[in-house]
Amino acid sequence: MSEITEEHVATASRPSDLRITDLRVANLAGVPFRSSIIRIDTNQGLVGYGEVRDGAAATYALMLKSRLVGENPCNIDKIFRKIKQFGFHGRQGGGVSGVEMALTDLAGKAYGVPAYALIGGRFRDEIRCYADTPSLTDPHAMGARLLERKLRGFTMLKMDVGIDLLWDVPGALIAPPGAREDVTTMHPFTGIQVTALGVEHLVSYVDIVRSVVGYDVALAADHFGHIALDSGIRIGRALEPFTLAWIEDLIPWQLTGQWRQLTEAVAVPTCTGEDIYLLDGFRPLLDTGAIRVVHPDPATAGGIAETKRLGDYAQERGIPMALHLAASPIATMACVHLAAATENFLALEHHAAEVEFWSDLVTGLPRPLIQDGHITVPETPGLGFGDLDEELLSRHLDPRDPVFFAETKHWDAESSHDRLWS
Ligand SMILES: O=C(O)C(=O)C[C@H](O)[C@H](O)CO
């Protein structure tokens with residue numbers, strides 16, 4: 001064996017010598033949904049973390065392993081171009097996007113700089129988060145929950161309102177058979193019509209919510225459908241008095257022409273984007289001015305740098321960008337660096353206001369991570385957290401497939417975890 005010289009020692013941790021040796025995942029549940037943490041290992045002992053989008057399969061990341069091993073993770077864009085063909089819209093973008101986050105984490109650690117420095121530096125020191133609140137039948141309960149979040153310092157909130165509230169209201173919907181089951185899985189276009197009674201129900205719901213939470217906080221509304229265009233127009237017009245920040249996902253994002261008609265017909269900002277992969281997927285909506293707010297999920301859209309490119313592209317077209325997210329602190333921190341480095345940024349979604357241990361999943365950052373509705377941009381290398389609290393994580397594994405960074409030589413397409421949401 002040859003002798004280790006001083007030169008060897010000096011070059012042992014050179015970023016140019018860094019190589020990927022492995023990719024492993026930990027499948028979590030309840031953080032706030034199920035998601036998979038990616039860990040990329042290297043020949044220098046450095047590890048990088050990313051996260052596969054909520055509700056997606058770890059498979060989407062594991063299938064990329066053979067394309068990654070041997071690559072220098074600091075060449076983020078080169079690797080991204082090599083693997084992006086293996087992603088797609090919806091949850092299928094989750095593998096590529098999560099891997100890109102982990103590469104950025106690694107590159108930042110290798111060069112000793114925070115992730116935002118790799119994509120151009122920062123525009124802000126604090127990242128505004130907005131708190132999402134899933135559907136509640138009782139508008140007073142929804143108002144109370146939103147008010148509690150407002151009092152915790154969130155300056156922007158979102159509630160789910162829409163057909164979820166109307167299925168059991170007689171005469172509120174005209175729906176094709178099976179539509180109720182379909183919308184909970186694939187979010188397809190169902191052609192559901194919301195009747196005058198249904199619209200009245202939603203108006204009264206939002207009126208009560210506003211009377212509880214007040215008008216001095218930005219409030220967006222989501223989970224409308226998908227519904228028929230004319231129903232969307234009637235709902236949008238009826239909700240105009242409530243000064244909503246946006247109305248989201250009334251119709252499928254692919255229907256650019258319908259989005260444009262909706263946007264032109266209502267005086268409430270229209271919004272979509274959480275299932276779109278890569279800037280290319282957003283171009284039709286942005287180029288035609290079909291939406292007023294673009295809402296990518298960086299864990300679907302292609303990760304940190306691609307979502308920044310998208311934000312810049314939208315900015316040139318006068319369309320503000322908010323970030324969708326339903327993730328653990330790992331993808332959240334990826335989004336914090338992205339939001340710091342993108343001028344065109346409104347707010348980052350937080351879906352885990354009810355998950356008490358959420359901030360504790362990573363070490364080395366303030367707890368709680370979100371204070372007064374904001375996350376402070378860290379200056380530590382990579383995504384900025386010290387490490388994972390593996391003991392805590394291991395208590396929140398997905399019981400259907402409780403893999404915890406185990407070596408994976410292949411993936412089992414039949415396992416329950418690999419059944420996809422979309
Ligand atoms: O918050 C939003 O905009 C959502 O639509 C969240 C989804 O319900 C979430 O990703 C769960 O799959």
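Student: Is Phe405 buried or exposed?
Tutor: This is a predicted model, in which local features need pLDDT of at least 70, side-chain atom pairs count only at pLDDT 80 or more, and totals for chains, interfaces and linings use all residues. Residues are numbered from 1 along each chain as its sequence is written, and side-chain values use heavy atoms, without hydrogens or water. Buried means under 20% relative accessible area, exposed over 50% and partly exposed in between, with a 1.4 Å probe and protein chains only. Phe405 has a relative accessible area of 6%, so this residue is buried.

Student: How many aromatic pairs are there?
Tutor: Rings of Phe, Tyr and Trp (its six-membered ring) pair if their centres lie within 6.5 Å; planes under 30 degrees apart are stacked, over 60 edge-to-face and the rest tilted. By this rule, the number of aromatic pairs is 4.

Student: Which class fits the pair of Tyr49 and Phe405?
Tutor: Tyr49 lies in strand E3 (residues 47–52) and Phe405 in the segment after helix H16 (390–394), 356 residues apart. Helices (H or I, at least four residues) and strands (E, at least two) are DSSP runs numbered from the N terminus. The ring centres of Tyr49 and Phe405 are 6.4 Å apart and the planes stand at 50 degrees, so the pair is tilted.

Student: Which class fits the pair of Tyr130 and Trp246?
Tutor: The ring centres of Tyr130 and Trp246 are 5.5 Å apart, with the planes at 85 degrees. Because of that angle, the pair of Tyr130 and Trp246 is edge-to-face.

Student: In which strand does Tyr130 lie?
Tutor: The partner ring, Trp246, is 116 residues away, in the loop between helix H10 (229–238) and strand E9 (247–248). Tyr130 itself is in strand E4 (residues 126–133).

Student: How many residues of E4 are buried?
Tutor: E4 is largely enclosed by the rest of the structure. The reason is its buried share, which among 8 residues is 6.

Student: Which residue of E12 is the bridge partner of Tyr130?
Tutor: Strands pair if DSSP finds at least two bridges between them. E4 and strand E12 (residues 348–350) run parallel and are joined by 3 bridges. In E12, the bridge partner of Tyr130 is Glu349.

Student: Which residue of E13 is the bridge partner of Ile127?
Tutor: E4 also pairs with strand E13 (residues 374–376), in the antiparallel sense and over 3 bridges. In E13, the bridge partner of Ile127 is Ile375.
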